[in-house]
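Please explain how the central sheet of this protein is arranged and how the helices beside the sheet are placed. A guided reading in paragraphs would be appreciated.

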Amino acid sequence: MRYESTRGGVRGRGFSDVLLEGLAPDGGLYVPESVPHLEPATWHALAGRSWSEIATEVMLPFVEPDYERDELAALVERSYTRFTHPEVAPLRVLDSAAGEWLLELFWGPTLAFKDVALQLLGNLFERELARRSNAVTVIGATSGDTGSAAIEALRSREGIELFMLHPRGRVSEVQRRQMTTVDDANIHNLAIEGTFDDCQDLVKAMFADEAFRSRHALSAVNSINWARVMAQTVYYASAALHLGAPASPVAFSVPTGNFGNIYAGHVARQMGVPISQLILATNVNDILSRAFDSGSLLIQDVAPSTSPAMDIQISSNFERLLFELYGRDGPRLAAVMERFRLLGHVELAEDVLEAYRELFDADRLDDDGTRRVIADVYQDTGIVVDPHTAVGVGVGRSLRADGDVPLVMLACAHPAKFPETVAAALGEAPIPPDRIQGLAGLPEHFDVLPNDLNAVMAYIEEHSVRS
Ligand SMILES: *Cc1c(COP(=O)(O)O)cnc(C)c1O
């Protein structure tokens with residue numbers, strides 16, 4: 001398997017290079033030169049198999065020849081031991097008469113779906129750095145859940161220093177404590193006076209600085225890292241197999257921010273998972289659903305919502321889709337992306353918009369609608385869903401195309417991560433699991449920095465073991 005950049009400047013990279021580099025040197029994102037297609041016979045053989053077996057078969061074509069099957073299988077096996085559900089990503093009935101399911105992705109150490117990919121990434125990084133006798137500085141931006149998942153995946157790992165930027169005051173208290181109560185020496189939390197998009201821009205700017213990038217051997221675990229997309233394709237496959245694939249199709253509804261989760265669904269579909277509908281659900285930060293309606297990608301101010309992990313205007317992974325829709329023409333896409341960043345606005349070409357509409361359905365749900373869904377689901381089923389999941393349930397129900405095809409809503413976080421919103425909807429907060437309860441009395445470790453590139457770079461210079 002070889003990878004290329006969406007901006008056309010790099011081709012022929014192997015999986016392990018792509019893993020460690022994160023962002024391509026030309027500013028683009030890495031994508032496989034072609035997505036592997038598994039034969040129906042292979043899918044048939046996977047029905048009824050365990051999570052680890054499915055994960056190994058689905059990911060193997062992406063990591064060859066750097067990994068052989070046995071080594072990947074062993075690594076997968078080790079990566080999911082901290083999940084407290086034996087199936088890792090279980091399906092739960094939401095409404096059996098309607099054929100609605102929740103795909104619970106929050107059984108990992110930080111109670112959000114980010115753990116599914118990042119627990120694996122931690123092991124992939126460690127193996128690769130040991131093999132190269134190398135060390136890296138991982139920098140990342142988080143709207144809430146990536147931060148803690150990355151910290152749990154990388155804490156006290158040999159050869160890895162992690163600097164995690166979060167927008168100050170714009171993540172929930174539980175999310176903040178999950179990050180800041182970790183006191184391993186290789187973990188650094190930076191609270192930036194700005195939005196998530198500001199944090200993400202700071203990270204991108206540091207990657208764009210050649211000298212800084214190579215001096216610190218910068219690496220990324222944000223959803224721009226291809227390995228995360230790859231790891232997330234697994235639960236689309238496992239859920240579809242549980243519901244009758246490859247013989248019968250499945251629809252998915254995905255609460256979307258950075259477009260990493262739903263893009264993995266798109267890749268799974270290209271691999272042969274029979275996905276009849278991919279529903280993109282946003283909150284009021286709805287650039288992707290507005291683009292779907294109007295054909296124009298137009299950046300607006302980020303509005304804080306009750307689903308903060310989706311408070312994003314610049315969805316990085318959307319570039320991966322656009323690369324395909326622009327005919328894999330890197331230089332052309334590079335020009336489009338540069339115009340978009342310069343003007344805050346770009347019109348999608350007619351054929352690009354048409355293709356986008358063919359592949360996805362999209363809509364938004366505001367905070368009132370979100371609270372209503374949380375209340376309705378609880379009243380009908382006794383299940384408490386988190387606000388992100390609720391956005392997916394609300395939009396999924398309204399856009400579902402075929403009532404005979406099972407509809408799987410991705411349950412992206414445990415409701416106890418967002419107790420204020422759940423309490424506002426239900427009158428009482430969800431019961432926090434042990435993993436959250438233990439955080440309350442612990443001291444927090446973080447530094448507040450302005451939204452200023454030089455200040456952040458100086459901080460990393462000062463606190464990095466390598467400077
Ligand atoms: C990260 C996150 C999302 C958004 O996922 P993307 O891959 O960024 O689209 C949605 N819900 C929760 C709970 C998240 O943590």
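Two strands are taken to pair if DSSP finds at least two bridges between them. In this predicted model, strand E7 (residues 187-193) and E15 are joined by 4 bridges and run parallel. Within this pairing, Leu-190 stands opposite Asp-447 in E15.

The pair belongs to an open sheet of 5 strands, whose order is E8-E5-E6-E7-E15 and whose pairing is parallel. Strand E8 (218-220) and strand E15 (447-450) form the edges, each pairing on one side only. From one strand to the next, the twist averages 30°. Strands of a sheet pair through backbone hydrogen bonds, either parallel or antiparallel.

Two helices may now be placed relative to these strands. Helix H20 (residues 453-463) lies across strand E5 (136-141), strand E6 (160-167), E7 and E15. Relative to E15, helix H20 runs at about 145°.

The second is helix H6 (residues 145-154), and here burial is the point of interest. Buried means under 20% relative accessible area. By that criterion 10 of the 10 residues of H6 are buried, so the helix is largely enclosed by the rest of the structure. The buried residues include the polar or charged positions Asp-145, Thr-146, Ser-148 and Glu-152 as well as Ile-151 and Leu-154. What do the buried residues of H6 pack against? Their partners comprise three strands, E5, E6 and E7, together with helix H5 (114-132), helix H7 (173-180) and helix H10 (226-242). Just after H6, Ser-156 adopts a positive phi of about 55°.

Definitions and conventions: Residues numbered from 1 in each chain as written. Predicted model: local features only at pLDDT ≥ 70, side-chain atom pairs only at ≥ 80, totals over all residues. Heavy atoms only, no water. Axes fitted to C-alpha atoms, helices over the stretch in contact; angles between N-to-C directions. Contact = heavy atoms within 4.5 Å. Buried < 20%, exposed > 50% of the residue type's maximum accessible area, 1.4 Å probe, protein only.
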